[in-house]
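Me: I have a structure to go through with you. I'll ask about bits of it as they come up.

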Amino acid sequence: MLTVDYLGALAVSIAFPLLLMPHLGLLRTGLLFGLLNVVVGLWTLWLFRYQIAAPTPLWLLGGGVMLALLTGFAQAGRVTTAAEAYQFQAPVVLSADSPYQRIAITRRNGQLRLYLNGNLQFAQSDEYRYHEALVHPAMSGYANGGAPRKVAVLGGGDGMAVREILKYPGVESITLIELDPNMTRLFGTDPLLTPLNANSLNHPKVRIVNADAFTWLQENDDIFDVIVVDFPDPTNFSVGKLFTNSFYSLLDSRLAQGGYAVVQTTSPLIARKSFWTVVQTIESVGLTATPYHAHVPSFGEWGFVIASRRPYRLPQQLPAELKFLDVKTLPQLFDFPPDMARVPAEVNRLASQVLVRTYEEEWGRVLK
C-alpha cells in the first residue's frame, strides 16, 4: 500500500506541471483531482456496501458532490473569466490558455491591457513609452555607425517592439523568437489586437520562430546588429535563466562586432538591487552595460540596459514619428538619481539564480 501511495504521488507530481496544468488550466486541474477523490470514495462505498449501515445518504452526498464538480469543470472557462474580470477590475474581452501561460486581454474605457499569468504586460494608453524606450536608444545608437540591417527580438510576442523596429527603413530582416505560439497567433491575426502593433507580425521583413530563446541561441549561429530582449520579469527560475551570465554569453556570441543588445530590466526604483544585478551580470561576461530608465505610468520607473562591446553613444537623431522620445530629452534617461543609483549586487548564475530570490523579496515588500 505504501509503495502504491508513493508511486501515485510521484506520478501526480510529474503530471500536474507537465500534462494537466498546461492543457486543463489551474481550475480544471484542481476540480479533476476533486473528482478523482469522489470516485475513490464512491468506489469504497460500493466495495463495503454490505458492511456500511444505511449507505443511501452517503451515496446521495457523493453523487451531489460529483455533480457539483462536473458542473464546475464544464463551466471552468466562465468561472476563470469572471474571476479575472474581478481581479483586473475590467471585462476580459479575449483569453487563451497555453502550455506556458494564461493570456488575458481586458478592456476598460476603450483601452486594452495584456496580462500574462495575472501580471500586467502593457496598457494601451502608455505602452508607446515602454516600447519606444526599449527599442530606439539601441536602434538609433547603432545607426551612429551605420544602419542596423539584421535585428532579432527575443520575447515580445505582442509585436510592439517589432512595430518600432520597422520605423527604420534600412532594416532588412527581423527575427522574432517567441516561446508561446498563442501570443504570435493572437497578435498576428485577431482584429482586436493587430491594430496595436500596426500588423507588424505580418510584415514581409518579419520571421517568427516559436522556440525557447535560450535553446535557439545555442542551436543557431545567426549574427545580428541589434538584439532586443523583451522577456517578462524573473518571477521564477524558468524565466530567471534568461537573465543569467550563461544567457548573456550566448547573447554576446550572436551580436555583431559593433552591435547593441538591449534588455528590459524591471524597475530600478522598486527592485533596485534586482536591476543592478542584471547590470552586474551583463558586465561579468565582458560586455559594456549602459543602464537607463523611463517613466511608464502603468508601471512607474522602468529600467533597461544596453549591452555592447563598444561604448554606447547617444544617437544624433531619432525617427520623427515618436511620441515620447526625442534627441533633447533622451540623455535624461541615462541619469540616475540617488534613490536609483548603483548598489552592490551579485552575478546571476544558472546554478544560483540569486536574481529570482532578490526580485521576489523586493517586489514582495511593495505588494504586501
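Me: What does the side-chain oxygen of Asp 180 reach at the start of helix 6?

Reply: A side-chain oxygen of Asp 180 comes to within 2.9 Å of the backbone nitrogen of Asn 182. That is a polar contact (a pair of N or O atoms within 3.5 Å; within protein, one able to donate a hydrogen and the other to accept it, and residues adjacent in sequence count only if both atoms are side-chain atoms). Helices (H or I, at least four residues) and strands (E, at least two) are DSSP runs numbered from the N terminus.

Me: And how far should I trust the numbers?

Reply: This is a predicted model, where local features need pLDDT of at least 70 and side-chain atom pairs count only at pLDDT 80 or more, while totals for chains, interfaces and linings use all residues. Residues are numbered from 1 along each chain as its sequence is written, and side-chain values use heavy atoms, with hydrogens and water left out.

Me: Back to helix 6. Which residues there are buried?

Reply: In helix 6, residues 181-189, the buried ones are Asn 182, Met 183, Thr 184, Leu 186, Phe 187 and Gly 188. Buried means under 20% relative accessible area, exposed over 50%, and partly exposed in between (1.4 Å probe, protein chains only).

Me: What do the buried residues of helix 6 pack against?

Reply: Strands 1, 2, 4, 6 and 7, plus strand 3 (111-116). Contact here means heavy atoms within 4.5 Å. Take Phe 187: leaving out residues up to four places away in sequence, Phe 187 touches Ile 105, Leu 114, Phe 122, Gly 157, Asp 158, Leu 193, Thr 194, Asn 197 and Leu 201.

Me: Which residues touch the most other members of the largest nonpolar core?

Reply: Ile 165, Phe 187 and Phe 304, in a core of 58 residues. Helix 4 (residues 127-143) gives the largest share of this core, seven residues. A second core of 35 residues is separate, and includes Ala 152, Ala 213, Val 263 and Trp 276. A nonpolar core is a set of buried Ala, Val, Leu, Ile, Met, Phe, Trp, Tyr and Cys residues joined through side-chain atoms within 4.5 Å.

Me: Sheets next. What is the order in the four-strand one?

Reply: The order is 1-2-3-4, in an open sheet with antiparallel pairing. Strand 1 (92-97) and strand 4 (119-123) are the edges, each pairing on one side only. Two strands pair if DSSP finds at least two bridges between them.

Me: How many bridges join strand 1 to strand 2?

Reply: Five, with strand 2 covering residues 102-108. In that strand, Ala 104 is opposite Ser 95.

Me: And the order in the sheet of seven?

Reply: That open sheet runs 7-6-5-8-9-11-10, with mixed pairing. Its edges are strand 7 (206-209) and strand 10 (288-296), each paired on one side only. On average, neighbouring strands of this sheet are turned by 15 degrees against each other, direction ignored. Axes are lines fitted to C-alpha atoms, for helices over the stretch in contact, and angles run from 0 to 180 degrees between N-to-C directions.

Me: Which strands does helix 10 touch?

Reply: Helix 10 (residues 272-284) packs on the seven-strand sheet and touches strand 9, strand 10 and strand 11 (300-308). The direction of helix 10 makes about 155 degrees with that of strand 10.

Me: Is strand 6 parallel or antiparallel to strand 5?

Reply: Parallel, over five bridges, with strand 5 at residues 150-155. Ile 177 in strand 6 is opposite Leu 154. Between these strands the chain passes through helix 5 (residues 160-165), a right-handed β-α-β crossover. Right-handed means that, with the strands pointing away from the viewer, the path from the first strand over the helix to the second runs clockwise.

Me: What about strand 6 and strand 7?

Reply: They pair in the parallel sense over four bridges, and Thr 175 has Arg 207 in strand 7 as its bridge partner. The chain goes from strand 6 through helix 6 to strand 7, also in a right-handed β-α-β crossover. Strand 6 is mostly covered, with four of its five residues buried.

Me: Two threonines to finish. Why does Thr 290 count as buried?

Reply: Because its relative accessible area is 15%, under the cut-off of 20%. Thr 290 is in strand 10. Leaving aside neighbours within four places in sequence, its contacts are Phe 304, Val 305, Ile 306, Tyr 312 and Phe 334.

Me: And why does Thr 80 count as partly exposed?

Reply: Because its relative accessibility is 22%. Thr 80 is in helix 3, residues 76-88, and on the same basis its contacts are Leu 27 and Arg 102, neighbours within four places left aside.
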